Structures are given as structure tokens and as C-alpha cells.
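Student: Got a minute? I'd like to go through this structure with you.
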Amino acid sequence: MSQIELEQVCKSFTLRKRQKGWLGAVRGAFTRDTQTIRAVDNVSFTVDEGELVGYIGPNGAGKSTTIKMMSGILTPDSGRVSVMGRVPWRERVRHVASIGVVFGQRSQLWWDTPVIDSFELLRDIYRVSPTDYRRRLDDLTALLDATSLLNTPVRQLSLGQRMKCEFIGALLHGPRILFLDEPTIGLDAVTKLALRDFLIDLNRREDVTMLLTTHDMDDVEALCRRVMVIGKGRLLFSGGMDALRARYAPHRIIRARLAEDRAQLDLIGAQSVTLNGRDALITFLPEKTPAEQMIARLAAACPLADLTVEAPDIDHLVAEMYARMGMTT
């Protein structure tokens with residue numbers, strides 16, 4: 001069953017331009033140049049209950065604008081947005097009671113007070129009963145190893161510690177949908193892995209629907225069952241990671257350590273062969289030449305010391321996709 005539905009949604013912004021220098025300031029007092037930016041252009045998609053979906057695209061593609069319309073912060077110019085059967089910007093109070101939002105570069109916590117004070121304020125805002133509040137607080141702080149942070153002022157927390165508390169604050173009222181906008185930006189590897197495990201566990205245990213926007217493609221690959229790609233305001237792709245690879249990076253890579261130096265290596269079926277001393281890098285299309293056949297040809301051409309077969313990493317895949325679409329990251 002679809003929890004989120006967008007149908008031909010559009011959102012534009014008008015930017016005012018001003019020429020540089022004092023002369024530009026004088027001219028700007030009398031005339032103003034404007035430019036209309038189509039941030040979201042006829043976007044349509046659905047997200048089912050319990051899905052964990054990656055929503056990716058280059059800077060300025062329209063990701064955050066879409067999130068803000070679904071969370072009720074912005075109103076679209078046209079089209080239909082339905083989240084759990086509600087129009088977000090028309091039913092704000094009921095809507096925010098069933099969603100959680102984590103913005104990696106914004107905070108909902110009070111900067112100079114202990115973390116627990118922010119949590120208690122959120123408890124009152126969302127009218128969470130004392131029993132439910134205490135149960136969820138205990139569960140979430142235990143899962144995120146954040147119990148020791150509760151009496152620390154927010155300004156004294158590290159970025160990783162603060163993001164753990166942001167997640168707790170967003171989930172105290174038991175939302176059914178969680179919008180995540182760059183939630184792991186700037187985090188160290190240990191904290192990032194802990195938050196990934198937490199999100200996977202939350203999705204499985206409570207069937208919370210999640211929509212994740214990020215530039216960290218490792219997050220997308222680790223967390224998301226489905227990926228939607230947006231560029232220049234338009235939805236360009238929706239499907240699984242395997243389908244994304246098949247469309248934009250169907251080749252595979254053999255990294256081999258040869259038993260002897262080779263100046264040249266000819267392999268039938270290889271797209272490219274790069275040699276650096278005894279190290280060889282071979283790319284090929286598995287639908288034309290299966291991996292086992294390419295390995296057999298390589299072994300017949302030259303003795304091998306070591307070998308691995310890889311798919312292109314996710315960052316290169318997305319860079320290739322953006323390049324084909326005429327976009328930049």
C-alpha cells in the first residue's frame with residue numbers, strides 16, 4: 001500500500017539578480033532582473049509502507065525541495081502530494097505527528113541546554129504520554145549508545161554525538177515515515193556505520209518507511225532497496241541497484257596480479273586492458289563474455305598470482321550516470 005504519492009508535482013523559485021559594485025546597487029534600486037528556477041518539474045512517484053528508498057541526484061537537482069513539500073514545509077505550485085492520505089501543508093498538525101525529519105545540516109535541538117531538555121520539549125510538542133516517552137527514550141538511547149549524552153549541552157557534543165541525538169529527537173513520537181536529508185554528512189566511519197545499522201534495524205522492527213537523500217553512495221548501497229534519481233527537477237530513474245548498474249555501468253572489472261611482467265596483453269572480448277608492471281586491469285561486459293570465460297582466457301594468456309572480479313563502485317556508477325545526463329555533482 002502506498003504511503004507517499006506524488007503526481008505531476010512542480011515547484012519553482014524566483015531568484016533576484018544584481019550586478020556587482022556600487023553601480024549595480026544603484027541600478028538594482030530601480031530595476032530588478034529575475035530568474036525563475038524550476039526546482040521540481042512534473043515529478044511523480046509512490047513509496048509503499050515499510051520501503052527504504054534512496055532519493056539521489058546532483059546538487060540543485062530538487063531533492064531537498066521534494067522532501068520539504070512532503071513534510072509540509074513548502075507548498076507545490078501544481079500537482080498532488082499525499083502522505084498517509086493527507087495533504088501535508090493543509091493538515092500540518094496531524095501530518096507532523098506521523099512523520100520524522102532529520103536534516104544533516106540543521107538541528108531541532110536547543111543549542112545551550114542539555115539534550116534531555118530538548119527531548120522533553122519535543123515530548124510536550126508532540127503530546128507523547130509519559131509512559132511512551134520513557135519507553136521510547138530508553139530504547140533509542142540504548143540502541144544508539146547515547147544514554148551518557150542526555151545531560152550534556154548540545155553545543156558540547158561532537159557532530160556524531162549530535163546526529164545520534166537528532167535521530168532520537170525525530171523518533172520520540174513514533175513516526176510512521178522518516179525523511180532523511182543528508183543525515184550522515186561529515187560523520188566519521190564508526191558513527192556512520194552505527195547509524196546505518198540503527199536505520200536498518202528500525203526499518204525491520206517497526207516497518208518505518210524511510211526516504212533518504214544523500215551524496216554518500218555507500219549509504220544508498222548499504223540501506224536502500226530502491227533508488228530514485230532526480231536531475232534538473234525531473235525524475236530520471238526508479239528501480240533497484242541492479243537495474244541502475246545494468247543501465248549505467250554494465251561492465252565488470254578484473255584486477256589481476258600477473259606472475260611475470262608483460263608489455264602487452266591481448267584478450268578477446270575485453271573492452272580495455274591496462275597494464276602497470278605486473279598489475280592488470282581488464283574491463284568486460286558479462287552479458288557478452290561471462291566472467292569465467294574471461295578469467296580462463298586471461299589465465300591461458302599469462303600465469304596469474306592473484307585475481308579479483310568487481311563491479312564498478314557506486315561513486316563511479318553515479319558519476320557516469322550524471323555525465324550521461326549532462327549534469328555535474
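Student: How many helices and strands are in the protein?
Tutor: Eleven helices and 13 strands. Keep in mind that this is a predicted model.
Student: And what share of its residues count as buried?
Tutor: Of the 329 residues, 45% do.
Student: Let's look at a sheet. What is the order of the strands in the open one?
Tutor: It runs S11-S12-S10-S13, and the pairing is antiparallel. The edge strands are S11 (270-276) and S13 (304-310), each pairing on one side only. From one strand to the next, the twist averages 15 degrees.
Student: Which helix packs on that sheet?
Tutor: Helix H10, residues 291-301. It touches S10, S11, S12 and S13. The direction of H10 makes about 160 degrees with that of S13.
Student: Back to the pairing. How many bridges join S10 to S13?
Tutor: Six, with the two strands running antiparallel. Take Leu258: its bridge partner in S13 is Leu304.
Student: What holds paired strands together in general?
Tutor: Strands of a sheet pair through backbone hydrogen bonds, either parallel or antiparallel.
Student: Where can I see a parallel pair?
Tutor: Look at S5 and S6 (residues 177-181), which are joined by five bridges and run parallel. There, Gly100 has Leu178 in S6 as its bridge partner.
Student: Why is S5 largely enclosed?
Tutor: Because four of its five residues, within 99-103, are buried by the rest of the structure.
Student: Last topic, charges. How many positive and negative side chains are there?
Tutor: 43 positive and 41 negative. The centres of the two sets lie 8 Å apart.

Technical notes:
Residues are numbered from 1 along each chain as its sequence is written. This is a predicted model: local features need pLDDT of at least 70, side-chain atom pairs count only at pLDDT 80 or more; totals for chains, interfaces and linings use all residues. Side-chain values use heavy atoms; hydrogens and water are left out. Buried means under 20% relative accessible area, exposed over 50%, partly exposed in between (1.4 Å probe, protein chains only). Two strands pair if DSSP finds at least two bridges between them. Lys and Arg count as positive and Asp and Glu as negative; His and the chain ends are not counted. The place of a charge is taken as NZ of Lys, CZ of Arg, CG of Asp or CD of Glu. Axes are lines fitted to C-alpha atoms, for helices over the stretch in contact, and angles run from 0 to 180 degrees between N-to-C directions. Contact means heavy atoms within 4.5 Å.
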